[in-house]
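Reader: I should be grateful for a close look at a single part of this protein, set out in one connected account.

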Amino acid sequence: MTKNSPTPSPASQRRANRIKLMVLWLIPFGLMAIAMFCYYLVQSGQMTVSSKNHGSLVQPPLQLNELLGNIQHSDSSGQPLDLDNPWQGKWTMVVRGDVDGAEQCSQSCRDNLYATRQLHIRLDKNANRVQRVYLTHNPKADADFSAFLQEEHRLTKFYVADQASLASLDSALRTPSGEAASFFLVDPAGWAMMFYSSEHTGNGKLKDLKHLLKYSRER
């Protein structure tokens, strides 16, 4: 003959029920507290959140058609281009030419132009979905730089925007340490959405571009 388990008293049952209700009530607040703590760690740089992209996201993305207003555009030889949409429904790699007081494209700027050209070549059959742009406030390139563009970067377009608008853009395209972007990506609708600096590798940049082209609708 087996012994029956003791029946809990009404008082102990009520106490157990109250504990369960309290735990259920505290769970949402606990999750909120954890989320706020994680947010603080990310914002302070003590924790990173992994994602597929290798570049730094522009947060929030910038609509360049609004920010830069009327952009003057020409080809690498200085001949004006008749473009209704400077971004032409393509992904665009943009190199800034006169950041931090530089009046013309410095050696690091020329290195960035070379890096974007090599990335463009490595896109193979998708290269026609991407364009390269040199963006500056200086409306005319000097003779040396013009010759350099013609010889080394004939497919690169030359865009000019006003200096005040570019200052707003430049402030958003910096690493936490203050380093200016090597180049940045603009989507086919004109949104600046990701940038790269010296901390990013060539393979990481290429993976980002291939990923974006794979999952974006071909125009």
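Are F183 and Y196 buried or exposed? Please begin from this pair and describe what surrounds it.

Author: Both F183 and Y196 are buried. The model is a predicted one, and every value below is computed from it.

The ring centres of F183 and Y196 are 5.0 Å apart and their planes meet at 25 degrees; because planes under 30 degrees apart count as stacked, this pair is stacked. F183 belongs to strand 6 and Y196 to strand 7, and the pair links distant parts of the chain, with the two positions 13 residues apart in sequence.

This pair is one of 5 aromatic pairs in the structure. Another joins W87 and Y159, whose ring centres are 5.8 Å apart with 65 degrees between the planes, an edge-to-face arrangement. W87 sits in the loop between strand 2 (72-74) and strand 3, while Y159 sits in strand 5 (residues 157-160), so this pair ties together parts that are 72 residues apart in sequence. W87 and Y159 are both buried. In addition, one aromatic cluster is formed by Y134, F145, F148 and F158.

Two members of that cluster recur around Q104. The place of Q104 is in the loop between strand 3 and helix 3. Its relative accessible area is 16%, and Q104 is therefore buried, the cut-off being 20%. Apart from neighbours within four places in sequence, Q104 is in contact with Y134 and F145, and also with G97, N138, K140, A141 and D142.

F183 leads next to an enclosed space. The count of cavities of 30 Å³ or more comes to 1, and the largest cavity has a volume of about 60 Å³. F183 is one of the residues that line this cavity, together with V94, R96, V99, D170, L173, A180, A181, S182 and F184. Strand 3 and strand 6 are the elements that give two or more residues to the lining. By character, the lining of the largest cavity divides into 7 nonpolar residues, 1 polar and 2 charged.

Some of the cavity's lining residues also appear at an open space. V99, A180 and A181 line the largest cavity. The second largest pocket holds about 210 Å³ of space, and among its 13 lining residues the closest to its centre are V99, A180 and A181, along with S108 and N112. Helix 3 supplies the largest share of this pocket's lining, 3 residues. The lining of the second largest pocket comprises 5 nonpolar, 5 polar and 3 charged residues.

Strands 6 and 7, which hold the F183 and Y196 pair, also take part in covering helix 6. Helix 6 (residues 202-215) has 14 residues and reaches 20 Å from its first C-alpha to its last, close to the 20 Å expected at 1.5 Å a residue. Its buried residues are G204, K205, L206, D208, L209, L212 and L213. The cover over them includes strand 6 (183-186) and strand 7 (191-196), as well as strand 3 (91-96), helix 3 (107-122) and strand 4 (130-136).

L209 gives a detailed view of this packing. L209 is found in helix 6 and, at 2% relative accessibility, counts as buried. Leaving aside neighbours within four places in sequence, L209 is in contact with M93, L119, L123 and L185. The C-alpha atoms of L209 and W91 are separated by 8.7 Å, although these residues are 118 apart along the chain.

A further buried position lies in helix 5 (residues 163-172), where S165 is found. S165 has a relative accessible area of 12% and is buried. Beyond its neighbours within four places in sequence, S165 is in contact with L67 and L68.

These details may be set against the whole chain. The protein has 6 helices and 7 strands, and from the N terminus on its elements run α-β-α-β-β-α-β-α-β-α-β-β-α. Of its 219 residues, 40% are buried. Among contacts between residues at least 6 apart in sequence, 70% join residues at least 24 apart. The pair of W87 and Y159, 72 residues apart in sequence, ties together parts of the chain in this way.

To return to the request, F183 and Y196 are buried and form a stacked pair, and F183 also lines the largest cavity.

Technical notes
Residues numbered from 1 in each chain as written. Predicted model: local features only at pLDDT ≥ 70, side-chain atom pairs only at ≥ 80, totals over all residues. Heavy atoms only, no water. Helix = DSSP H or I, 4+ residues; strand = E, 2+ residues; numbered from the N terminus. Expected span 1.5 Å × (residues − 1). Buried < 20%, exposed > 50% of the residue type's maximum accessible area, 1.4 Å probe, protein only. Contact = heavy atoms within 4.5 Å. 1 Å grid on protein atoms, 1.4 Å probe; cavity = no way out; pocket = protein on both sides within 12 Å on 5 of 7 lines; lining within 4 Å. Points joined across faces, edges and corners; volume = space filled by probe spheres on them. Nonpolar A, V, L, I, M, F, W, Y, C, P; charged D, E, K, R; others polar. Phe/Tyr/Trp six-rings, centres within 6.5 Å; stacked < 30°, edge-to-face > 60°.
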